[in-house]
Amino acid sequence: MAPSIRLSPVARSLFDEPLAIAVQGLNPRQQVTLRTSLRDETGELFQASARYQAGDDGELDLARCPALPGGSFSGLEPMGLLWALQPQKPFWYMMKRDVQSPFLLQLEVFEGHGESPGRLLAQAQHERAFLRDGVRRIPVREGRIRATLFLPPGEDHFPGIIDIHGLGGGLFEQRASLLANHGFATLALAYYHYEDLPQKPTELHLEYFEEAVNYMLQHPQVKGPGVGLLGFSKGGEVSLAMAAFLKNIMAVASLNGPVAATVIPLCYKDKIIPSLTFYEHKAKVTNSKILDYSDVLDDPFQAPGNQSLIPLEKAEAQFLFIVGQDDHVVKSEHYATEVCKLLQAQGKENFQILSYPGTGHCIDPPFFPLYPIGSHPVFHKRAVLGGELRAYSKAQVHVWPQIQAFFKKYL
């Protein structure tokens, strides 16, 4: 019997779902190298490889066989060939612009454990999709809102979430589309540098975000009486401000979000929250000549009566602070800890913190590649974002169902 790759699901799975990988038809105890490859929409190649030894029966099941040293990872890691994918072009981030088409994953089995691949023994292809069958993708151009709504299959009412991305602007659909597969009506909201929205805003007006909340609550398939917010980085900060100033916000999950205004001041009606001061000269240069910007912001908790802090004590919402302990862009663990102390001092218990070691600034859904060094969102120079491969992969897999459970509970 010629060697072959056995996958479950066979041909197609969702990007955030596990994929069972096995090889059959090998010789007893045969040494092989498995390699996965995936090209993003720009054509950039991501790859991972691992060394294995087949069992006495010539079977190799990644759920039972540990990877041997010498590849992208070692040990018992059934999903290692997916979470260890790394760009062949340094410092490249995997982005999914068109969530309606899947990524194509290539799997190959090579003979032996050499530095260069041996003879090709088997290969397979598998689609990693972003939309379950029946999920609807609806472009939204209502009033000023520029967004995309993802609705789960069926005619039911679904809990509504607004997904807000970080600095850099644009419209990011990858996280919102995956959330819709899990039963949430999810609005991926752009707020600058997209279509006719401001290219470089000098302030962000919460009235724009209020329009998005109202749009969701008026939608016939969004279950009221309020919505949830999922924000990353600056989007987390905006989400917290929305909870402090706007009505009908029930639950906020902030992924490494500041708790004070940063970079772009926030405004609502006649109230302005000025942004914290940046001190670029406080950036440190690492051994690899990459900049570390973790100490360039004022600490909003040190200055008495700091005007930049978001007044979270005014919010009625439940808060889930998700922080990477190795975040080098925002001192997210410090911020979350201090702001929860302030809430506690006010007699509030509407918060929880999930803190992940070895996890940097970017916290994506499961199986997105680690992005530890990239362009700094403010200074546009190569910067440490933080994170370590194995710890980050574990954090992704742990936090994703926690986010869903949090929104199911409070929406």
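**Figure 1. Helix α4 in the predicted model, its span and its surroundings.** The expected span of a helix is 1.5 Å times one less than its number of residues. For α4, a helix of twelve residues running over positions 234-245, that rule gives 16 Å, and the C-alpha atoms at its two ends lie 17 Å apart in this predicted model, which agrees. Buried is taken here as under 20% relative accessible area, and twelve of the twelve residues of α4 meet that criterion, so the helix is largely enclosed by the rest of the structure. Among these buried residues are K234 and E237, as well as V238, L240, M242 and F245.

**Figure 2. The positions that UniProt lists as "active site".** An unreviewed UniProt entry lists S233, D327 and H361 under this heading. Although these positions are spread over 129 residues of sequence, they cluster in space, with a largest C-alpha distance of 10.6 Å. From this set, S233 and H361 belong to the lining of the largest cavity.

**Figure 3. Close-up of S233.** S233 is placed in the loop that joins strand β15 (222-232) to helix α4. With a relative accessible area of 8%, S233 is buried. When residues up to four places away in sequence are not counted, S233 touches G166 and H361, together with L255, N256, G257 and P258.

**Figure 4. Close-up of D327.** D327 sits in the loop between strand β21 (318-324) and helix α5 (332-345), and D327 is buried, its relative accessible area being 10%. Setting aside residues up to four places away in sequence, D327 touches N256, S332, T359, G360, H361 and L385. In addition, the side chain of D327 reaches the backbone nitrogen of V330 at 3.1 Å.

**Figure 5. An open sheet of three strands.** The strands are arranged in the order β1-β3-β6, and their pairing is antiparallel. The edge strands, each of which pairs on one side only, are β1 (4-8) and β6 (60-61). Five bridges join β1 to β3 (residues 20-24) in the antiparallel sense, and L7 stands opposite I21 of β3.

**Figure 6. K408 and residues distant from it in sequence.** K408 belongs to helix α6, which covers residues 389-410. Although K408 and P159 are separated by 249 residues in sequence, their C-alpha atoms are 7.5 Å apart in space. With its neighbours within four places in sequence left aside, K408 is in contact with H182 and F184.

Note on methods: Residues numbered from 1 in each chain as written. Predicted model: local features only at pLDDT ≥ 70, side-chain atom pairs only at ≥ 80, totals over all residues. Heavy atoms only, no water. Helix = DSSP H or I, 4+ residues; strand = E, 2+ residues; numbered from the N terminus. Buried < 20%, exposed > 50% of the residue type's maximum accessible area, 1.4 Å probe, protein only. Pairing = 2+ DSSP bridges. Contact = heavy atoms within 4.5 Å. UniProt positions renumbered as here; feature names shortened; annotations may be inferred. 1 Å grid on protein atoms, 1.4 Å probe; cavity = no way out; pocket = protein on both sides within 12 Å on 5 of 7 lines; lining within 4 Å. Polar contact = N/O pair within 3.5 Å; in protein donor to acceptor, adjacent residues only side chain to side chain.
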